[in-house]
Amino acid sequence: MTTSNYVHGTDPAEQARLSLLNELVNAACLREARIRPGERLLDVGAGLGQLTRGLARAAGRPALAVERSAEQRARGDALARADGEAGLIEWREGDALALPLRDEEWGTFDVGHARFILEHVPAPERVVAELARAVRPGGRVILCDDDHSVLRLHPEPPGVLAVWNAFVRTYDRNGNDPYVGRRLPALLAEAGLAPARATWLFLGGCAGEATFPGVVANLAGNLRGARLSITATGAVSGAQVDDALAALDAFARQPGAALWYAFAWAEGVRPA
């Protein structure tokens, strides 16, 4: 993850959660991206690079992945090699706020992509402006990010929403916007791009669906990984976080349980 305010860390448990999240949402992200063969791709804040490789497969050529975390790059490279896809991704250390592109690379990419980055930086408009500079005239910038107001669970597990609300507060305490997803088209427009599409990417389901345990596990992993930051808000105690995690574990086994969440997604085009 490319940011200095990422509350989850990059330890093996968080990397496992991110890998699970990729399994849950990458198909929807690839569907909406509508990558065309031969397109030159830039993925900013690429994390473990699993989606980057999916984009590259669709384009039929390697993609450039910018990622600040050495731990993420190393794990992402190991995953690519294990899948026989090391040639699909070119890793480059760098920050989303100041992309590490060579002079001749600016304005040459067909697609600039950033997912789950803008919520973790204090100036998301700078990231989008960098992406707008990176793509060619007629090129596309694709953004996907969170609006943390949309979570719904039923039957509501006791204590979970109180902990979730404290988790949301960790963002503005770091100077970040936990609701940045609703701003994606506006950010594209501010960067001089023409917003072209906006939609939701659903993450959820109900007991009985094969993916439901993973959906609940991702939510629990979010809260578990940010435990120290959550308790630092003063809104809930560590014991309340632990109780909420136990409630989520029980919730995942309820026959009538359902969880609704969605990621905001938007695309803009650089004027020709």
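In this predicted model, helix α9 turns seven named residues inward: Gly238, Val241, Ala244, Leu245, Ala247, Leu248 and Phe251 are buried. The helix covers residues 238–251, 14 residues in total. From its first C-alpha to its last it reaches 20 Å, close to the 20 Å expected at 1.5 Å a residue. The buried residues of α9 pack against several elements. Two of them are strands, β6 (152–154) and β8 (258–269). The others are helices: α5 (160–173), α7 (212–225) and α8 (227–232).

Take one residue from that helix. Leucine 245 sits in α9. Its relative accessible area is 12%, so it is buried, the cut-off being under 20%. Which residues does leucine 245 touch, beyond those up to four places away in sequence? They are Ala220, Leu223 and Arg224. Ala220, Leu223 and Arg224 fall within the 212–225 range of α7. Leucine 151 is 94 residues away from leucine 245 along the chain, and their C-alpha atoms are separated by 16 Å.

Helix α8 is among the partners of α9. Alanine 232 lies in α8. Its relative accessible area is 49%, so it counts as partly exposed; exposed would need over 50%. Alanine 232 and threonine 170 are 62 residues apart along the chain, yet 8.2 Å separates their C-alpha atoms. Threonine 170 falls within the range of α5, 160–173.

The loop between β6 and α5 holds proline 155. A cis peptide bond joins histidine 154 to proline 155. Omega there is about -10°. Both flanking elements, β6 and α5, are also packing partners of the buried residues of α9.

Now step back to the whole chain. It has 9 helices and 8 strands. Its C-alpha atoms fill a box of roughly 55 × 40 × 30 Å along the principal axes. How does the radius of gyration compare with that of a compact globule? For 272 residues the globule would have a value near 19 Å, and the chain has 18 Å, so the two agree. Of the 272 residues, 55% count as buried. Contacts reach far along the sequence. Among those between residues at least 6 apart, 80% join residues at least 24 apart.

The surface comes next. The accessible area of the chain is about 11200 Å², and carbon and sulfur atoms account for 52% of it. There are 29 positive and 33 negative side chains. The centres of the two sets lie 3 Å apart.

Turn to helix α1, residues 12–33. Asparagine 22 has its place there. Is asparagine 22 buried or exposed? It is buried, because its relative accessible area of 10% falls under the 20% limit. Leaving aside neighbours within four places in sequence, asparagine 22 is in contact with Gln50, Leu51 and Arg115. The contact residue Arg115 falls within the range of β4, 109–115. After α1 comes the loop to β1, where arginine 34 is found. Arginine 34 has a positive phi of about 50°, although it is not a glycine.

A second positive phi belongs to phenylalanine 116, near 60°. Phenylalanine 116 lies in the loop between β4 and α4. At 8% relative accessibility it falls under 20%, so it counts as buried.

Helix α4, residues 124–134, has its own buried set: Pro124, Val127, Val128, Glu130, Leu131, Ala132 and Ala134. Glu130 is among these buried residues. The cover over them includes β1 (41–44), β4, β5 (135–145) and α6 (184–190).

Threonine 108 belongs to the neighbouring part of the story. It lies in the loop between β3 (89–93) and β4 (109–115). With a relative accessible area of 27%, it lies between the 20% and 50% limits and is therefore partly exposed. Not counting residues up to four places away in sequence, threonine 108 touches Arg40, Ala134, Val135 and Arg136. One of these, Ala134, is also among the buried residues of α4. Val135 and Arg136 fall within the range of β5. Valine 44 is 64 residues from threonine 108 in sequence, and the two C-alpha atoms are 15 Å apart.

How values were computed
Residues numbered from 1 in each chain as written. Predicted model: local features only at pLDDT ≥ 70, side-chain atom pairs only at ≥ 80, totals over all residues. Heavy atoms only, no water. Helix = DSSP H or I, 4+ residues; strand = E, 2+ residues; numbered from the N terminus. Expected span 1.5 Å × (residues − 1). Buried < 20%, exposed > 50% of the residue type's maximum accessible area, 1.4 Å probe, protein only. Contact = heavy atoms within 4.5 Å. Rg over C-alpha atoms; globule rule 2.2 N^0.38 Å. Areas by Shrake-Rupley, 256 points an atom, 1.4 Å probe, with all protein chains shown as cover. Lys, Arg positive; Asp, Glu negative; His and termini not counted. Charge placed at Lys NZ, Arg CZ, Asp CG, Glu CD.
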